[in-house]
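Reader: Before we talk, please show me the model, and then take me through its charged pairs and its open space.

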Amino acid sequence: MAECGWDEEMSEVPSLLQEDLTCPVCKDLYRGPVLLSCSHSFCKECLEKCWNGPGQNCPVCRKSCDGEQPISNRALMDATESFQKEKRWRGPNAISNLHRLAFQLYCVKDEEPVCVDCVPLHRAHELLPLNEGTRLCQEELTIKVNILEEKVETFKRMKNKYSNTVDFMKSQAEKAKMQIKAEFERLRQVLCVEEAARLKALADEEEDKRSGMEERISSLTSDIAALTKLVQTVKREMGAEDLTFLQVSRRAQWPREDPQNPSDALLNMAKHVGSLGYSIWKSMQVHVTCIPVVMDPNTASPWLSMSPDLASVRDSPERQSLPDNPERFDPCVFVLGAEGFCSGKHRWEVHVGDNPKWILGICKESVARKRKFTVSTDRGVWTIGLSKGVYNALTGERTVLVFESRPERIRVKLNMDKGEVSFWDTGNGGKHLCTFKHKFTERVFPIFGPGLQTTPMEVKPAKVTIHTA
């Protein structure tokens, strides 16, 4: 009787789980289960058969799934496979292949059923009655299913992040496209004006030199006519008396000098077309601004707002909806320069104005982005800053900086080869403020921290000079 009751108990245990592992369409255990957005699962083949007709709806709740791509439900597939293994252990033919005896025990370490003759092979292992082993497996399986379901939800959340990132990339591309077109249109207008000016200069020179040459031609035409007339007169009077002949000989003279081929009569082609591309580029410098360091909007805190040219940053009236990409600072209110440095000399000037709180300098590439941290040289950040009316070099112990006047424009000089970054007050005769020395072992980036202030922090344009060898 006891043995019969035990068999009945074991036959009922799997039925509680089997119902959850049964496809609602084919009423059989899941085969390659897939998951819909409404959280219902089906055999992949069953769902494809249901969707052969017009429209794609969930076979259970009838929710529209048009355009949806079902995802593989790995958690359910693993659970079904584990259940089938467990069912085989309990089946009427569940016997040991080694000893041809029915399984009566479960080895916890090896996670498999064993017969009584297998016990010596599992010495020092924990062995449980088969029903307790089944219950243990079911509990472990339930835990694994919960973990996998949580993983599914994690994957769904990440998928949503990916989708949001794609949408944001589209808006970025559209914004960049508009800016590129506007800038090229502006430069085209500049080039059109430059082209018109150069064509006018060419036409003016041509007109001036052509008119001068035509005046010479006209003068020569008059002289030729006068000379021709004089020759004819002299020839006509050559047969006169000796006295008249002598008088004619005295008149047969041309008082003006012979015409000379003028120099500088041709157009100055070297001026108009010589090294034309370079000449045009050189004249366009006044229409182009060189920003030595532009900011990277992909690193900007959601609480910051940037100018379209990426040269200025200030606080945002509200937190912006931006992708939570790994490069972005959050919650710290910083933004990095778009270009990092591994070697060489670099310099840029930043207008801080009357901003009551700011941080400015450089930081290593691996600086923390997703948590708050103390800004100091110990954390790979070499900066100076203003807070509560006090200027500091942001070292581990904080070094107070005393200035004669409030700096509004600060120059940052970085010498990677010497391992130096220095700060200068350009509005006060280029006074030196502070210098950090460090052997930089990784790439560093300019860092800007305007604080949550309305006063923008702006990188000033650099002066462009041309050196010819």
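Author: A salt bridge is taken here as a side-chain nitrogen of Lys or Arg within 4 Å of a carboxyl oxygen of Asp or Glu. The model is predicted, with local features needing pLDDT of at least 70 and side-chain atom pairs counting only at pLDDT 80 or more, whereas totals for chains, interfaces and linings use all residues. Residues are numbered from 1 along each chain as its sequence is written, and side-chain values use heavy atoms, with hydrogens and water left out.

Reader: Which residues are linked with Lys209 in a network of salt bridges?

Author: Side chains of opposite charge can pair when their charged atoms come close. By the rule above, the model has 21 salt bridges. The network that includes Lys209 also holds Glu205 and Asp264.

Reader: How many residues apart are glutamate 365 and arginine 443 in sequence?

Author: The side chains of glutamate 365 and arginine 443 meet in a salt bridge, at 3.0 Å from N to O. Glutamate 365 lies in the loop between E11 and E12 and arginine 443 in the loop between strand E17 (431–437) and strand E18 (444–449), where strands are DSSP runs (E, at least two residues; helices are H or I, at least four) numbered from the N terminus, so the pair ties together parts whose separation in sequence is 78 residues.

Reader: Is lysine 49 buried or exposed?

Author: Lysine 49 forms a salt bridge with glutamate 45 (3.6 Å, N to O), and both lie in helix H2 (residues 44–50), four residues apart, about one turn of the helix. Buried means under 20% relative accessible area, exposed over 50%, and partly exposed in between, with a 1.4 Å probe and protein chains only. Glutamate 45, at 46%, is partly exposed, while lysine 49, because its relative accessibility is 55%, counts as exposed.

Reader: Which helix gives the largest share of the lining of the largest pocket?

Author: A pocket, on a 1 Å grid over the protein atoms alone, is an open set of points where a 1.4 Å probe fits, with protein on both sides within 12 Å along at least five of seven lines, and its lining residues have an atom within 4 Å of a point. The largest pocket holds about 510 Å³ of space, a volume filled by probe spheres set on grid points joined across faces, edges and corners. Of its 21 lining residues, those closest to the centre are Phe168, Gln172, Lys175, Pro297 and Leu310. The largest share of the lining, eight residues, comes from H4.
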